[in-house]
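Work through the following exercises with the sequence and the three-dimensional model at hand. Each task is followed by a solution that goes step by step.

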Amino acid sequence: MHPILKTFSIALALTVGVASVQAQAAAAYYEAATKTFRLDGGNTTYAFGVNSRGELQQLYWGGRLAGTDSFPKAEPLGERTSFDSSFNNTPQEYSGWGNGIYVEPALKVSFPDGNRELVLHYVSHKMVANGFDVELKDVAKPIVVVLHYTMDAATGILARSATIENRGTLAVTVEQAAAAAWMLPASHYTLSYLTGRWGSEWTLNQEPVRAGSRVLESRRGSTGHQANPWFALAAGEATEDAGEVWFGALAWSGSWRMVVEQDQANAVRVTGGFNPFDFGFVLHPGQRLETPVFYSGYTQGGMGAASRLLHRFELDRILPRTAGLPEGSRPKPRPVIYNSWEATGFNVSEAGQVALAERAAALGVDRFVMDDGWFGQRKDDHAGLGDWYVNKQKFPNGLKPLIDKVHALGMDFGLWVEPEMVNPNSDLYRQHPDWVLAFPGRPRMEQRNQLVLNLARPDVRAYLFGFLDKVLTENDIAFLKWDYNRNWSQPGWDQLPAGEQKRVYVDYVRNLYSILTELRRKHPKVEIESCSGGGGRVDLGILRLTDEVWASDNTDPYDRLIQQYGFSFAYTPQVMMAWVTDSPHWENQRATTVAYRMLSSMQGSLGIGANISKWGPEDVATAKRLIAAYKQVQPAIAQGDLYRLIAPTGGSAFSATENVKADKSQAVVFAFIHSTIEGYPYPVLKLKGLDPAAEYALTAIEGKADKAVPAVASGAWWMNHGLDLGADFHGDFQAAAFRLDRK
Ligand code: DGJ
């Protein structure tokens with residue numbers, strides 16, 4: 001045996017990956033002679049060591065190395081000039097702001113004596129399952145930081161976070177705290193990141209990394225529509241099918257920041273965690289601050305493989321397990337839902353909802369969700385938020401008759417809530433005007449006529465948990481759509497001393513997570529959607545506690561193709577709820593067929609959100625047929641490997657995706673035309689990810705292939721020769737879908 005394996009203490013765990021992935025061991029090794037830490041998982045190796053100064057220095061992040069390979073002892077990079085100090089040049093795993101660090105530090109602390117410097121050196125470590133906890137301490141002050149590392153065996157995605165502890169006798173203030181810094185050596189990289197706004201989330205941006213910093217962030221108290229906490233760095237150009245890509249996602253639903261920085265020597269680092277803007281967390285003696293977790297991974301298979309790894313990781317490691325399924329199972333594919341929002345707005349009533357439920361059940365819907373409007377004095381968005389009692393004018397006998405009817409129709413029942421908000425026109429606000437985020441003596445800034453409750457407060461937390469628990473206990477509810485329709489402003493918390501109030505940024509989110517955790521524990525069968533006026537709260541933190549997300553309020557089926565494309569870089573189709581709504585669509589006045597709308601939504605987890613009372617028999621028949629077809633292939637779509645065959649962005653006339661089941665037994669292809677131009681044909685789709693030696697039979701779900709296309713052919717044929725949709729597939733807003741089943 002190579003000495004590396006003899007002298008290292010080995011924490012080895014074998015995790016069985018999905019069928020298509022070779023089960024791989026994740027291993028964490030420490031080599032005492034060189035003080036080197038190494039983590040292997042999937043096709044990735046990550047290594048760092050203690051250098052001669054005692055700093056933790058990154059050594060390697062990339063393709064998996066042989067078990068026999070070892071690293072030389074970490075040595076700090078030298079001082080190049082008096083303006084390029086060794087401290088600044090050395091890629092430190094987690095540096096305090098001290099010793100002349102000009103790059104983004106991971107941690108900045110201020111002390112009561114005016115000192116603001118922190119120089120963290122290695123103290124000790126311990127092995128944990130598939131990883132390490134490494135303890136660092138300031139060279140003089142009793143500030144201790146424990147860095148947590150856990151490697152995922154199947155995907156090679158590494159989870160990193162930090163715990164900062166004050167072991168002194170005086171309070172200190174943490175001004176800035178990252179979860180991790182990820183470093184790459186000098187080279188040319190392309191940065192990908194997601195931005196947007198309400199109704200237009202998930203815009204994929206790609207640009208070369210240049211000298212200086214690109215800041216991705218939310219200062220809004222929640223994840224935000226404007227940027228999503230995900231990044232990818234590709235070596236050279238970012239391409240879909242090949243090339244090295246390093247990618248990561250931050251698990252935090254509050255204000256967050258990632259700084260992608262190219263330093264003066266062209267080295268690149270991504271430092272991410274709490275947003276330091278307006279941050280200041282006081283640590284009293286003995287207290288600790290836990291950062292969010294920053295997950296990152298690596299692939300040589302381009303942007304496509306990067307997202308497939310993330311999707312698999314989300315399904316296997318992040319999302320809550322479905323109650324009742326055996327240990328180790330993935331969450332079950334989402335039920336097909338109906339949601340009342342676009343049909344009725346706030347104007348809900350027992351009779352109206354029952355009429356919609358009858359229509360929905362006839363289509364093959366599994367879950368009926370009543371949206372906003374059922375509670376308090378809620379007629380529009382001016383009143384009612386905070387008063388979570390059933391509106392007696394709309395539901396004279398409570399929710400039970402509606403829920404019973406929905407059950408009798410063979411569906412389960414879901415309900416909309418927006419727990420963190422209050423309208424000033426509500427009993428709750430009249431009783432507790434002090435419960436909102438506000439600065440004393442200043443006019444309160446409303447958005448959508450609502451204010452944000454300060455969930456950091458224990459009494460607000462108790463109220464929210466109490467009413468949610470009551471609603472779930474008193475009613476047979478399978479699902480909550482948890483909405484959140486504005487961002488923070490004026491984040492004051494004047495019940496705390498002035499110097500302590502900024503901890504609201506942390507305590508609010510922690511209380512949100514703790515309510516979700518407790519609700520799930522007490523009501524294990526209840527599933528939850530994270531919605532924030534669409535996709536304003538989608539991140540790996542909230543996804544640990546919710547089953548799905550509402551990707552956007554914009555349900556225009558063509559706009560959705562572009563949004564769904566961007567979404568897919570970071571998040572699995574399993575969680576991406578997509579409704580079929582009415583045509584022409586309210587956003588763009590674009591008219592499309594039911595089939596086009598259905599196929600657009602079938603790229604994710606399908607829902608119907610149209611006013612189906614107005615649908616004619618033909619539309620009903622199409623929707624019914626396609627819902628049935630969707631259910632047969634849903635596991636491949638929602639949990640298979642996604643291949644983006646043609647991007648809908650950049651003014652493309654065409655777009656296409658393919659989802660392949662993990663065991664390669666089935667694939668589903670979606671093809672869309674925005675508008676053909678001058679009769680140019682739809683490109684022949686060269687499929688991906690199939691077993692080349694297996695035979696696959698082609699079945700049309702919607703539309704048809706060219707008449708020369710064989711009914712059965714090998715995986716090699718479909719991948720090399722391709723699927724030709726023929727000259728008949730042309731026009732504006734056309735859609736086709738196919739399934740391939742292994743014989
Ligand atoms: C915003 C959500 O995104 C919509 O789907 C709907 O639930 C409304 N809020 C209701 O107010």
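Helices (H or I, at least four residues) and strands (E, at least two) are DSSP runs, numbered from the N terminus. The model is a predicted one, in which local features need pLDDT of at least 70 and side-chain atom pairs count only at pLDDT 80 or more, while totals for chains, interfaces and linings use all residues. Residues are numbered from 1 along each chain as its sequence is written, and side-chain values use heavy atoms, with hydrogens and water left out.

**Exercise 1. The chain as a whole**

Establish how many helices and strands the chain has, and compare its radius of gyration with that of a compact globule.

Solution. The count gives 13 helices and 37 strands. The radius of gyration is taken over C-alpha atoms, and the globule rule is 2.2 Å times the number of residues to the power 0.38. For 743 residues the rule predicts a value near 27 Å, and because the chain has 27 Å, the two agree. Along the principal axes, the C-alpha atoms fill a box of roughly 75 × 70 × 50 Å. Of the 743 residues, 63% are buried, where buried means under 20% relative accessible area, exposed over 50% and partly exposed in between, with a 1.4 Å probe and protein chains only.

**Exercise 2. The barrel**

Trace the closed barrel of eight strands and identify helices that pack on it.

Solution. The strand order is β22-β23-β24-β27-β28-β29-β30-β31, with parallel pairing; two strands pair if DSSP finds at least two bridges between them. Neighbouring strands of this sheet are turned by 30° against each other on average, direction ignored. Axes are lines fitted to C-alpha atoms, for helices over the stretch in contact, and angles run from 0 to 180 degrees between N-to-C directions. As an example of the pairing, β28 (residues 527-530) and β29 (residues 548-550) are joined in the parallel sense over two bridges, with Val 549 of β29 as the bridge partner of Ser 530. Helix α5 packs on this sheet and touches β22 (337-339) and β23 (367-370), its direction making about 155° with that of β23. Helix α6 (residues 400-408) lies across β23 and β24 (412-417), at about 140° to β24.

**Exercise 3. The open sheet**

Give the strand order of the open sheet of six strands, and explain why β32 and β36 each have one side without a neighbour.

Solution. The order is β32-β33-β34-β37-β35-β36, with antiparallel pairing. Because β32 (641-646) and β36 (712-714) stand at the edges, each with a single partner strand, one side of each is left without a neighbour in the sheet. The twist from one strand to the next averages 25°. Within the sheet, β33 (residues 654-660) and β34 (residues 666-675) run antiparallel and are joined by seven bridges, and Val 660 has Ala 667 in β34 as its bridge partner. Helix α10 (residues 557-570) lies across β32, β33, β34 and β37 (732-742), running at about 130° to β32.

**Exercise 4. Two helices and one tyrosine**

Describe how α5 and α12 cross, and decide whether Tyr 558 is buried or exposed.

Solution. The axes of α5 (residues 350-363) and α12 come within 8 Å and cross at roughly 55°. This makes α5 oblique to α12, since angles under 35 degrees count as roughly parallel, over 145 as roughly antiparallel, 65 to 115 as roughly perpendicular and the rest as oblique. Arg 359, Ala 362 and Leu 363 in α5 meet residues of α12 that include Val 620 and Ile 627, contact meaning heavy atoms within 4.5 Å. Tyr 558, found in helix α10, is buried, with a relative accessible area of 11%. Leaving aside neighbours within four places in sequence, Tyr 558 has contacts that include Arg 590, His 674 and Phe 733.
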